Amino acid sequence: MTDRVAQLVSLVKGLSQDSVSKPTLVYFNIVGIAWPIRVLLHLEKIDYDYVPVTIMDWITPGPDGTQILKHAFRNHHVPLYVDQEVYLDQSMQIVTTLAERAGMLGVNQSERIAVQAVLAHCYDALFHFNGLLPVNIRLNIADDVAQARLESFMGGEPWGLATNGYRNQLSAFVNYLESNHSDSGFMVGDAMTAADLWAFNVLCNWFKAFDRQVFSTEFRQLDTYIQHIAEQPGIASYIREVQEPTIWFPLPDVAMRLTSPEDLKGLVSLPD
């Protein structure tokens, strides 16, 4: 175990509402699923400590051979957010708590329910059985199997639950967007909410980056949508000045796609 990992383990185990002088976020040094969390903090101009964790930090074994940093977290995964009022270790829990404080969960019960529905689909679009992330991981999977699964996800020959998952997930986003009859260009209501921050991350940084041609040609409505979100105050400055360089870890031997800084470039046009 390295000195750095030992320090991280000590830091994580010591985090509590009483121990922090300002908000603290612990997450991997990637865009990942922390994008809406960090954007919320950025939009609210909250001064916070960001503790980046590298993949080597995460997999480094302790004296007993286990991933010692992983086991320092209560639920064995990141992100972790702590301030003087809350200790939160589920990504959606962090987003909804921060969004509620910022007034970005909708203006009434109907909108809050609609926001929660979009948030749930955002998570499923990445992590569900036919979500993008399981299909993208190739670790310990034969190359031909990984490739067949990926092609099926993109609309090729059927391959279990992955079949046509890319278009199925995106068509659901279209349905959510069209169910907002305010003509605002947002997922819910007349103003940007947490639903838009999560949806932008999933649609732009994950799905469009995964296959720009299919996204831009077959889902132009969603392409217009993510451009609309990119033009909202504070979003461009976050992308330019704060956003991590890669969506996922730079490990092409572990993932099929989304391992390079090039994946994030030019996904949307950023206003001055």
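**Entry 1: Leu 98**

I began with Leu 98, which I found in helix α4, residues 91–102. I keep in mind that this is a predicted model. Is Leu 98 buried or exposed? Its relative accessible area is 6%, so Leu 98 counts as buried, the limit being under 20%.

Next I asked which residues Leu 98 is in contact with, leaving aside its neighbours within four places in sequence. I noted Ile 37, Leu 40, Leu 41 and Tyr 81. For Ile 37 I also looked up the spacing: it is 61 residues from Leu 98 along the chain, and the two C-alpha atoms are separated by 7.7 Å.

**Entry 2: the whole chain**

I then stepped back to the protein chain. I counted 12 helices and four strands in its secondary structure. Its C-alpha atoms fill a box of roughly 50 × 50 × 35 Å along the principal axes.

How does the radius of gyration of the protein chain sit beside that of a compact globule? For 272 residues, such a globule would have a value near 19 Å, and the chain has 19 Å, so the two agree.

I wrote down that 51% of the 272 residues count as buried. The accessible surface comes to about 12,600 Å², and carbon and sulfur atoms account for 51% of that surface. Looking at contacts between residues at least 6 apart in sequence, I saw that 67% join residues at least 24 apart. For the charges, I have 18 positive and 31 negative ones, with mean positions 3 Å apart.

**Entry 3: salt bridges**

Side chains of opposite charge can pair when their charged atoms come close. How many salt bridges does a search of the whole structure find? The search gives 12, and I followed up some of them.

The side chains of Arg 38 and Glu 244 meet in one, at 3.4 Å from N to O. Arg 38 lies in helix α2 (residues 35–43) and Glu 244 in the segment after α12 (235–241), so this pair ties together parts that are 206 residues apart in sequence. I checked both partners for exposure: Arg 38 is buried, and Glu 244 is buried too.

My next pair was Arg 101 with Asp 83, whose closest N and O atoms are 2.6 Å apart. Arg 101 brings me back to helix α4, while Asp 83 lies in the loop between β3 (80–82) and β4 (87–88), so the bridge ties together parts that are 18 residues apart in sequence. The partners are not alike in exposure: Arg 101 is partly exposed, at 40% relative accessible area, whereas Asp 83 is buried, at 6%.

I also looked at Arg 138 and Asp 143, whose side chains form a salt bridge at 3.3 Å, N to O. Arg 138 counts as partly exposed at 22% relative accessibility, and Asp 143 is exposed at 53%. Finally, I noted a network of salt bridges that links Lys 22, Asp 47 and Asp 49.

**Entry 4: backbone angles**

Most residues other than glycine have a negative phi, and most peptide bonds are trans. With that in mind I looked for departures.

Which peptide bond did I mark as cis? I marked the one from Val 78 to Pro 79, with omega near 10 degrees. Pro 79 is in the loop between α3 (55–59) and β3.

I recorded a positive phi at Asn 140, near 65 degrees. Asn 140 has its place in the loop between α6 (132–136) and α7 (143–153), and at 76% relative accessibility it counts as exposed.

Asp 183 went on my list as well, with a positive phi near 60 degrees. I placed Asp 183 in the loop between α8 (165–178) and α9 (194–210). Asp 183 counts as exposed, at 74% relative accessibility.

**Entry 5: Gln 17**

Where does Gln 17 lie? I found Gln 17 in the loop between α1 (3–14) and β1 (24–28). Its relative accessible area is 31%, so Gln 17 is partly exposed.

Not counting residues up to four places away in sequence, Gln 17 touches Val 82, Asp 83, Gln 84, Glu 85, Val 86 and Tyr 87. I recognised Asp 83 from my salt-bridge notes, where it pairs with Arg 101. As a last look-up I took Gln 17 and Asp 272, which are 255 residues apart along the chain: their C-alpha atoms are separated by 38 Å.

Technical notes: Residues numbered from 1 in each chain as written. Predicted model: local features only at pLDDT ≥ 70, side-chain atom pairs only at ≥ 80, totals over all residues. Heavy atoms only, no water. Helix = DSSP H or I, 4+ residues; strand = E, 2+ residues; numbered from the N terminus. Rg over C-alpha atoms; globule rule 2.2 N^0.38 Å. Buried < 20%, exposed > 50% of the residue type's maximum accessible area, 1.4 Å probe, protein only. Contact = heavy atoms within 4.5 Å. Areas by Shrake-Rupley, 256 points an atom, 1.4 Å probe, with all protein chains shown as cover. Lys, Arg positive; Asp, Glu negative; His and termini not counted. Charge placed at Lys NZ, Arg CZ, Asp CG, Glu CD. Salt bridge = Lys/Arg side-chain N within 4 Å of Asp/Glu carboxyl O.
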